[in-house]
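Work through the exercises below with the sequence and the model open. Each task is followed by a solution in steps.

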Amino acid sequence: MLGEAARAAGYRLIIRDAVGSTMEEARRALDQGEPGKLWIVARSQDAGRGRHGRQWGSPPGNLYASLLLTDPCEPALAPQLGFVTGLALHDAASRVLGPAASALRLKWPNDLLLDKAKTSGLLLEGESRAGRLNVIIGCGVNIASCPSDTPYPATFLKAAAPEASVEAMLEALSDAWAKRFAIWSQPGGFGPTRAAWLERAAFLGETITIRLPEGPVSGRFVGLDPIGRLDLATEAGRRLIDAGDLFFGAI
């Protein structure tokens, strides 16, 4: 069930037993004229995917959700929705974990870490139809299990909070999203969103490596610029990065 704040803000929910992927279900709903503000949740997926088309294992017991938004913002601002979603995931996991939440951090650009291991990720896709932007945000949260064959260490919420559940995470996430999106939607709303994200950032001020199509680049993670690009201090000078895979340490 969605949280009270989410329902009050007009969000709705569809739950499926098994799907290829919730993002594809959201895209089909859009094709059928769905007006948006719709959460689609599946108990399992057999064609889930992450960034760069990576396959995402989706056994029962974890949260697989996509949020369909129609005309949420200007196209140039859409990438900032990833930071809004990251904060909502952090807020929700904090509510579910209780005291164990102190180990949560946000890894740029789109992962939630628990004890430096990935417990959640998100995928943001947008398209324009008839001059209107449509956005689908996919969220996968490891609650009861996690994959073992990942390029980055992974964990799951029940490892730290045995009482964690899909239902509790969905309720908390839907409420957190509604509240964070409302803040971001105000004039100048990326300012407080950016500040809140940086307060929860993993590896801020430390040496990291960003793997880019042209090769890895290492440097000190300085912060985010005013539009959300990662600010990296390298030996060759400062560099602003729009997207890439972040790893701790230098290569």
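**Exercise 1. The cavity lining**

Find which element gives the largest share of the lining of the largest cavity in this predicted model.

Solution. Start with the search: over the whole structure it finds one cavity of 30 Å³ or more. The volume of this cavity is about 40 Å³. Next, list the lining: Gly82, Gly86, Leu89, Leu106, Lys107, Pro109, Asn110, Asp111, Leu112, Leu122 and Trp197. Then assign residues to elements: α3 (81-97), β4 (104-107) and β5 (111-114) each give two or more. The largest share is that of α3, with three residues. Last, sort the lining by character: six residues are nonpolar, three polar and two charged.

**Exercise 2. The seven-stranded sheet**

Give the strand order of the open sheet and name its edge strands.

Solution. Reading across the sheet, the order is β1-β2-β3-β7-β6-β5-β4, with mixed pairing. The edges are β1 (12-19) and β4, each of which pairs on one side only. From one strand to the next the twist averages 20°. Now take one pair inside the sheet: β5 and β6 (residues 117-129) are antiparallel and share four bridges. In this part of the sheet, Leu112 is found opposite Ser120 of β6. Finally, place the helix: α4 (residues 166-185) lies across β1, β2 (38-45), β3 (63-70) and β7 (132-141), and its angle to β3 is about 25°.

**Exercise 3. A residue of β5**

Decide whether Leu114 is buried or exposed, and list its contacts.

Solution. Leu114 belongs to strand β5. Its relative accessible area is 3%, and the cut-off for buried is under 20%, so Leu114 counts as buried. Beyond its neighbours within four places in sequence, Leu114 contacts Leu97, Ala100, Ala103, Leu104, Thr119, Thr155, Phe156, Leu157 and Ala160. As a distance check, the C-alpha atoms of Leu114 and His90 are 9.9 Å apart, with their positions 24 residues apart along the chain.

**Exercise 4. Strand β10 and its partners**

Describe how β10 is paired and which way its residues point.

Solution. First take β9 (residues 215-224): this strand and β10 (residues 230-234) are antiparallel, with four bridges. Gly223 has Asp231 in β10 as its bridge partner. The two strands form a hairpin with five residues between them, and Gly228 in the turn has a positive phi of about 105°. Next take β11 (residues 237-241), which is antiparallel to β10 and joined to it by five bridges. Here Ala233 stands across from Arg238 of β11, and the hairpin linking β10 to β11 passes through two residues.

Now the directions. Side chains in a regular strand alternate between the two faces of the sheet. In β10, Leu230, Leu232 and Thr234 point one way, while Asp231 and Ala233 point the other way. Five of the five residues of β10 are buried.

**Exercise 5. The buried residues of α5**

Name the buried residues of α5 and the elements that cover them.

Solution. In α5 (residues 190-199), the buried residues are Phe190, Thr193, Ala196, Trp197 and Leu198. Residues three or four places apart in an α-helix point the same way, because a turn has 3.6 residues. The cover over the buried residues of α5 includes α3, β4, α4 and β9. To close the loop with the first exercise, look again at Trp197: this residue also lines the largest cavity.

Key:
Residues are numbered from 1 along each chain as its sequence is written. This is a predicted model: local features need pLDDT of at least 70, side-chain atom pairs count only at pLDDT 80 or more; totals for chains, interfaces and linings use all residues. Side-chain values use heavy atoms; hydrogens and water are left out. On a 1 Å grid over the protein atoms alone, a cavity is a set of points where a 1.4 Å probe fits but cannot get out, and a pocket is an open set with protein on both sides within 12 Å along at least five of seven lines; lining residues have an atom within 4 Å of a point. Grid points are joined across faces, edges and corners, and a volume is the space filled by probe spheres set on the points. Ala, Val, Leu, Ile, Met, Phe, Trp, Tyr, Cys and Pro count as nonpolar, Asp, Glu, Lys and Arg as charged, and the others, Gly among them, as polar. Two strands pair if DSSP finds at least two bridges between them. Axes are lines fitted to C-alpha atoms, for helices over the stretch in contact, and angles run from 0 to 180 degrees between N-to-C directions. Contact means heavy atoms within 4.5 Å. Buried means under 20% relative accessible area, exposed over 50%, partly exposed in between (1.4 Å probe, protein chains only).
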